[in-house]
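Student: I would like a close look at one part of this model. Please take me through the place where the two chains meet, and then what surrounds it.

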Amino acid sequence: MGANDGAVLAFRQLINNGANNLRYNIVLVSDGYTAAEIPLFRSQCQGFLRKLFWTAPFSSLRCTFNVFALEVRSTASGIDDPLTCGDGSTGSGAMPATFFDSTMCGGGSVRRVISLDSGLVRNRVAGFLPQANSILVLVNSALGGGTQSDVAVFTTEPGWEDTALHEFGHVLGLADEYGCYVCDGSDSGRTYDWFDSIIQGYGLPDQPNVSPGGSRAGLKWGAMVASTTPIPTTAGSVPAGTVGMFESAKYYDLGLFRPEESCAMRNTGAPFCAVCRAEITRALVPWTPTTTCVTPTATPASLTVDAGIRSKVMILPGRGGYEVTLDTTTNLPAAPTWTYRLNGGSWTALPATRTIQVPINQSPGTNIYNHSAEVRAQVGVGDLDYWVPGTSTFTTAQDTDLIALRQPNNAANAIDPNYGDAGNVEGTGSASINFGGLVAGNGWLYVRSRKYYTRLAVRLQLDPGFFGPDDKPAWGLQNITWTPTPSQSSGLTAFYDVTFDASGLCWLDSNPATVVDPNVGFPISAAGKDAIGQSFSATGRLVPTNVEYRRSISTIERAKIPKWEWPMLFDIREKVLEVVFNGVLVMLNENVLRIGELEVELKDARKG
Amino acid sequence: MDMSRFEPPEDFSLEAPEPGRRPEEDVAYRHALRLTFSYQRFQVELILIEAIEMIVPPSLEITRQPPGAEFWYELQDSKQTTLYRRVQRNPLDPFVEVLTGNPERPLAHLNSGRTGGEFTLLVPILPQARYVVLYEWSLPPDAVQRDVPPSPKEIARFPLGGAIDDETIARDTIPPRTVSDALAAYDGAAVIHLRASDNTGEVANTVFRLDDGKEQQGLTVTIDEPGKHTLLFWSVDRAGNIEPENLVKFTVRRPARLGRK
């Protein structure tokens, strides 16, 4: 196992605040990560940066650091975990082949102690960055362990970033503030004694954050203690963050004092106390530029949503709505998780197309056109470069947009008589037409008989707010009532039988009571419910003279003679005839009949 | 590595940067020696001296009274006058601080059983410096009474700078060390840089052999031939100590071709 069990893939700079010879250079190194797990390592590096740069005082010292990552692939994932260890613990026996050969129970005594080939780590880092100040190896294992020595090593157990900052505090000259050394209960409650401290190898409490106590004036951090704060200071007697003189520090429960009740040098994960913050800042002065160091400011996540109404959609039979596209803009990094909700309902995953269905009549009989759409984007803390602990402001963004669906407008409905319906041409044997003395009826043209009738169509034009066959042929109206009752109807179309006479009048369905001037026509109305139950009504007028007879009555384009009347049998009394009928010249010359521009060759019916 | 080019200018200072003064301007602390030590039990050896242009933290205030820390190190001149002093945790201490997994007492010191290893110290390049000295506190073996005060104990002392004379070099048996910035793969030409250092401050030469080629001297290796390659490299110090070969394997991938317009 060792350097043959993997390869150095890349050396990347994560934070660049200037020349390496002027900054405090931190290098994060991977071990026990396969190539496929390197993205995980990168994400964990980001986690460390967040912890570092959002922990005071490092949060104000961002420009002090350059940070790098040495991405090293291992053949296998994890860490060696020997079956047995000097502390009596039992391991899994796993022995994955890793580049730096990290192992639990390093040295053989304590399982949580990790050892690795630190010389190889230093060599590989030095090849890229001779100016490395701190090297931190991250081992891909959830097993708990780590060691702070010349090369710091941590597994990725929860809280490793906090421990790393605690150890960094030591590098910068801070003492532990907890009151035991091995902390197994055997060394609790001890009273500080300088002679004992030297014998134990702890040294003297020279560090700026521990003190043998004494008067306020003699205290190392006495200038930071308010005159109202009691000395010594009893835990719980003052608000958190108060600088005082709290007993228990640097491996002795009694006789040694620390500045605040809580500090990262006593409990990992806690903030650094004011005294430690000041000391860290002072210790990093040589690497801290005083010129243009911009303290990072976390940018709260932002999101704007713009709801765009698209096409109509039938959500369920009889339940319609619109497809709405929720266009979004956010400053959140990576690939956020998107959810949305309508009208304060439950949050639902937002489709990748960003398109949702917004109903009009989610409840039967109740049409709602005004909605609110809320969209939320969330990323994990691991996606952020920086983060303010304890708030979701930087991981979650949300916005609302109002959606006003199109409401149908009955005033915009219409009934259109100018409809060239191919089914208009109708007739019966009693139909007749007067041609100024020539009479045609039942296929025959008669002189002095003055009427014929046909079937004319009207069509309902609905406002686009309604749902109907004009949107999709399958979306039939739920019901429709025409007034007067047509002789026939289908969908949006109604057919009325209209009788004309030569005196310039017409009427419906052979009902003389409806006689009108064809130029004035008949009032027609329709009412009902569209495909999703929206009530509609419309009024219009069937004006026969507006109907294009040439299309509606006959496929013969040039003459107003219904097709259904062909072939015709003419009873001719004279071989030559010339009359004007309604402004149209009708001429007969032997066997040629001309009606306007139409020229018809006649055959003698008696000859068969 | 030739340390002469890292000689600080005449206006160097041992003092911490003055308030308001930019560290970038404090050139005395921008020229460092990284000293790498190995230890076995309590036997410490200085195995590498690397001259590096980087910031060195300032010295503690130098007083007659030694620091109270469990470990400290000094640069001293030929008269053993302290020129530079820093404290830190004792790198020889087998007790290491670990996360316990116990939320009540999350941290503790446990005996790792470690008896050997390596550690590094950073010191400034000072023209007068002749020795680096490591200290810890010590009590006489029979000291059980407080009337026998603890005293500083010199763990080890090593020559630096002008104290590394020909005799020192002749006695040297520790080989140099060469590191590289080789990666596993390159798109296009591979340019690999070698960096060599020795406990006497400089190496005689650095040699490399690429694949089955001839041995060459130098600190830069360039190859653009696509395929898998093997690079062997090592250095030799002025005493003739030869470093064991270092081996790296890497692949040069053919660079992507530009499409025709």
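Tutor: What follows starts at the contact between the chains and works outward from there.

This is a predicted model, in which local features need pLDDT of at least 70, side-chain atom pairs count only at pLDDT 80 or more, and totals for chains, interfaces and linings use all residues. Residues are numbered from 1 along each chain as its sequence is written, while chains are lettered from A and ligands numbered from 1 in the order in which they are written.

Start with the contact. Chain A and chain B each put 54 residues into it. Two residues are in contact if their C-beta atoms, placed from the backbone, lie within 7 Å. On the side of chain B that touches chain A, the elements giving two or more residues are β2 (43-53), β5 (95-99), β6 (107-111), β7 (116-124) and β10 (177-180) of chain B. Helices (H or I, at least four residues) and strands (E, at least two) are DSSP runs, numbered from the N terminus. β6(B) gives the most, with five residues. By type, this side of chain B has 26 nonpolar, 12 polar and 16 charged residues. Here Ala, Val, Leu, Ile, Met, Phe, Trp, Tyr, Cys and Pro count as nonpolar, Asp, Glu, Lys and Arg as charged, and the others, Gly among them, as polar.

Now follow β10(B). It belongs to an open sheet of three strands in chain B, ordered β10-β12-β15, with antiparallel pairing. Strands pair if DSSP finds at least two bridges between them. β10 and β15 (220-223) of chain B are the edge strands, each pairing on one side only. From one strand to the next, the twist averages 20°. Strand β12 (residues 190-197) of chain B runs antiparallel to β15(B), and four bridges join them. Across that pair, B:His193 stands opposite B:Thr220 in β15(B).

Chain A reaches this sheet through a helix. Helix α2 (residues 118-128) of chain A lies across β10 and β12 of chain B. The helix runs at about 60° to β10(B). Axes are lines fitted to C-alpha atoms, for helices over the stretch in contact, and angles run from 0 to 180 degrees between N-to-C directions.

Next, the core. A:Val125 is one of the residues with the most contacts inside the largest nonpolar core, which has 136 residues. Others with the most contacts there include A:Val27, A:Val29 and A:Ile135. Such a core is a set of buried Ala, Val, Leu, Ile, Met, Phe, Trp, Tyr and Cys residues joined through C-beta atoms within 7 Å. A residue is buried if 20 or more other C-beta atoms lie within 10 Å of its own, exposed if 12 or fewer, and partly exposed in between, with C-beta atoms placed from the backbone. Not counting residues up to four places away in sequence, A:Val125 touches A:Val27, A:Val29, A:Leu70, A:Ala132 and A:Ile135. Another core, of 27 residues, lies apart from the largest one; among its residues are A:Ile360 and A:Phe467.

Last, chain B as a whole. Chain B has one helix and 17 strands. Of its 261 residues, 40% are buried. Among its contacts with a separation of 6 or more, 59% join residues 24 or more positions apart.
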